[in-house]
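Dear colleague,

I am passing on a structure that I would like you to look over before we talk. The file comes first, and my notes on what was found in it follow below.

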Amino acid sequence: MEPVFVASAILLSILIIVSYYVTNGIGTMGAPMRQFALFLMNKAPVGLVDLFKDEPGSGSRTWIKYGAGWFLLATICGFIGIWHKYDPTALDSLASIGWSYDDGSALADFTTAVMGISFTYLLVGGCLVAVSRTANNRLASEANASMVALLYTASMMFSLILIPIIFRFVDISDEQNIRDLITLMTTYVVSSLLFTALLMNVLATYSTRAEGTTSITAWFLIMAIVAKLVGSLYHVFGEATDNTQMVWLSERVLDGWVPLALMFALAYHVIPHAAKAPVWSGSLLNVNMVLLFVTVPPFFMTEANAGELLQNVGALLLTFSILPLFAGAINLLATASANSGNILKNPGALSATLAMFLLPIFAVGSYFTSMDILTGTDKMLTMSSTLDDGFMFTVGGLMMVSTIFASYPLASGNQLEDSSRANLAVWFILFGGLASVITMLIGGFTEIAVSDSGVEDAVASSLGFYLTASALFYLVPIASIMAILVLIRTGNSSNKIEEIGQEITDIDV
């Protein structure tokens, strides 16, 4: 049997077991396990956790603040990347300090990594706000959550920035293998330890919810963290044993399941809360929750490099992956329509609603390009990366500013300040991200059409398309700056939210 099938069965079994016990509890062992988790979170590492505040909301605010900083860096790198496709010599003046710009792949990889970090920070921070609201409006250990956020940034900065700098000035034998090993350990092993601590915090918090209540957001968040931990383990094992199937499976989990689960986790809190209406359809919710974790998402696809059986199964699961995405998006859009007036007045809820509107569109586009890559055809490789990056900067960007505009005020206890600027940031991300993606796709289709035309001496230049796309995408970095300004003003606001301090649960289905 193919190793990927065994690994998939183990992963699904773990998710089913975790889901069962999250929903039904662990009986009399619940209280002792929670006390043990609290002991670990508040005492380890000794002395370090005491440096952080343990006041309500501080942990969630820390995650959101770090995420906002990473988001700004990601959008700036995204703009530079598109501009360099137009003018590859734009940064040649930095050669005197050691800059060497290759074909753009290094910057593209860095941008993707930074965007993933900012996405994780902001959406996890928003979900932590929702989880704390199911308990006593605080996490089991706010200090531990803040410590994990700091250590995660330190580990990612070491992996993405310090390691390249160190190896630029250190000349050792077998440099590439050592560098890859250090990066692998930092990116996957260390981050897994940190997210294990975060999972303990979420479980300890969720266990104190009122009897008979549930939280869709908490369920999605827990499944996302568990999937991330198992996916990271699979990636390390696959790289260590040169098992390409395990690496491919880990990429589908880490680049597909985890981001989508976090998106839906946040959306199922922000939209019903703003609309003050229950989730529209329980059936669509079940389809969304179940099928998401048994299909192959269409985003960030890589070639399977396996036998015909695995390719056929992967293609089938890739086709079915559209169903949970459409089910979740339709369900949330219908929920928002129940009170569209409140949605329009809330920049965070508006941003999440627009993200759910765009999600099916990007899913359909990515489905066709991903099928091309999965089967090894690779005729649409450039357009696939364009759609993937556009998905993260547009749909992901909207969800990230939704955290800043909807969840951060709840965590800080202050009302959102400067709503007009927040609304403008939302529309900047929508227009800038979507228009730049469409422009680059037109350029990509033009190149393919010319190359397939068979006309001799026919040359298609996409430089004009990249120039236009970079100008349009410039709105996204501006929006990130505006979002940070709104976050700062909200954090310093003296206008308090009345419901802060009360125990609030998610709206029932």
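Please keep in mind throughout that this is a predicted model. I begin with a single residue, His-235, which is located in helix H7, the helix that spans residues 216-241. His-235 has a relative accessible area of 7%, and since buried means under 20%, this residue is therefore buried. Its side chain makes a polar contact, at 3.5 Å, with the side chain of Tyr-188. When neighbours within four places in sequence are left aside, the residues in contact with His-235 are Leu-184, Tyr-188, Val-247 and Ser-250, so that Tyr-188 appears both in this list and as the partner in the polar contact.

A second residue that may be worth inspecting is Leu-12, which belongs to helix H1 (residues 3-24). Leu-12 is partly exposed, with a relative accessible area of 27%, whereas His-235 is buried. Not counting residues up to four places away in sequence, Leu-12 touches Trp-257, Phe-293 and Val-294. The C-alpha atoms of Leu-12 and Ala-227 are 9.2 Å apart in space, although 215 residues separate the two in sequence.

For the chain as a whole, the model has 17 helices and zero strands. The protein chain has 509 residues, of which 52% count as buried. If one takes the contacts between residues at least 6 apart in sequence, 86% of them join residues that are at least 24 apart.

The remaining notes concern helix pairs. Two packed helices are described by the angle between their axes and by the distance between those axes.

Helix H13 (residues 347-374) packs with helix H11 (residues 322-337) at an angle of about 160°, and their axes are 9 Å apart. Angles over 145 degrees count as roughly antiparallel, and H11 and H13 are therefore roughly antiparallel to each other. Their crossing is left-handed. On the H11 side the contact is made by Ile-322, Leu-325, Phe-326, Ala-329, Leu-332, Leu-333 and Ala-336, and these meet Thr-353, Met-356, Phe-357, Leu-359, Pro-360, Ala-363, Val-364 and Tyr-367 in H13. By class, the residues of this contact of H11 with H13 are 14 nonpolar, one polar and no charged.

H13 also has a contact with helix H10 (residues 308-320), where the two axes come within 10 Å and cross at roughly 175°, which means that H10 is roughly antiparallel to H13. Here Gln-311, Gly-314, Ala-315, Leu-318 and Thr-319 in H10 meet Tyr-367, Ser-370, Met-371 and Leu-374 in H13. The residues of the contact of H10 with H13 divide into five nonpolar, four polar and no charged. Tyr-367 of H13 is listed in the contact with H11 and again in the contact with H10, which may make it a convenient place to begin when viewing these helices.

Finally, helix H3 (residues 58-86) and helix H4 (residues 105-134) have axes that come within 7 Å and cross at roughly 155°, and H3 is therefore roughly antiparallel to H4. The crossing of H3 and H4 is left-handed. In the contact of H3 with H4, 20 residues are nonpolar, eight are polar and none is charged.

With best regards

How values were computed
Residues are numbered from 1 along each chain as its sequence is written. This is a predicted model: local features need pLDDT of at least 70, side-chain atom pairs count only at pLDDT 80 or more; totals for chains, interfaces and linings use all residues. Side-chain values use heavy atoms; hydrogens and water are left out. Axes are lines fitted to C-alpha atoms, for helices over the stretch in contact, and angles run from 0 to 180 degrees between N-to-C directions. Helices (H or I, at least four residues) and strands (E, at least two) are DSSP runs, numbered from the N terminus. Angles under 35 degrees count as roughly parallel, over 145 as roughly antiparallel, 65 to 115 as roughly perpendicular and the rest as oblique. A crossing is left-handed if the near helix is turned anticlockwise from the far one by less than a right angle, and right-handed if clockwise. Contact means heavy atoms within 4.5 Å. Ala, Val, Leu, Ile, Met, Phe, Trp, Tyr, Cys and Pro count as nonpolar, Asp, Glu, Lys and Arg as charged, and the others, Gly among them, as polar. Buried means under 20% relative accessible area, exposed over 50%, partly exposed in between (1.4 Å probe, protein chains only). A polar contact is a pair of N or O atoms within 3.5 Å; within protein, one must be able to donate a hydrogen and the other to accept it, and residues adjacent in sequence count only if both atoms are side-chain atoms.
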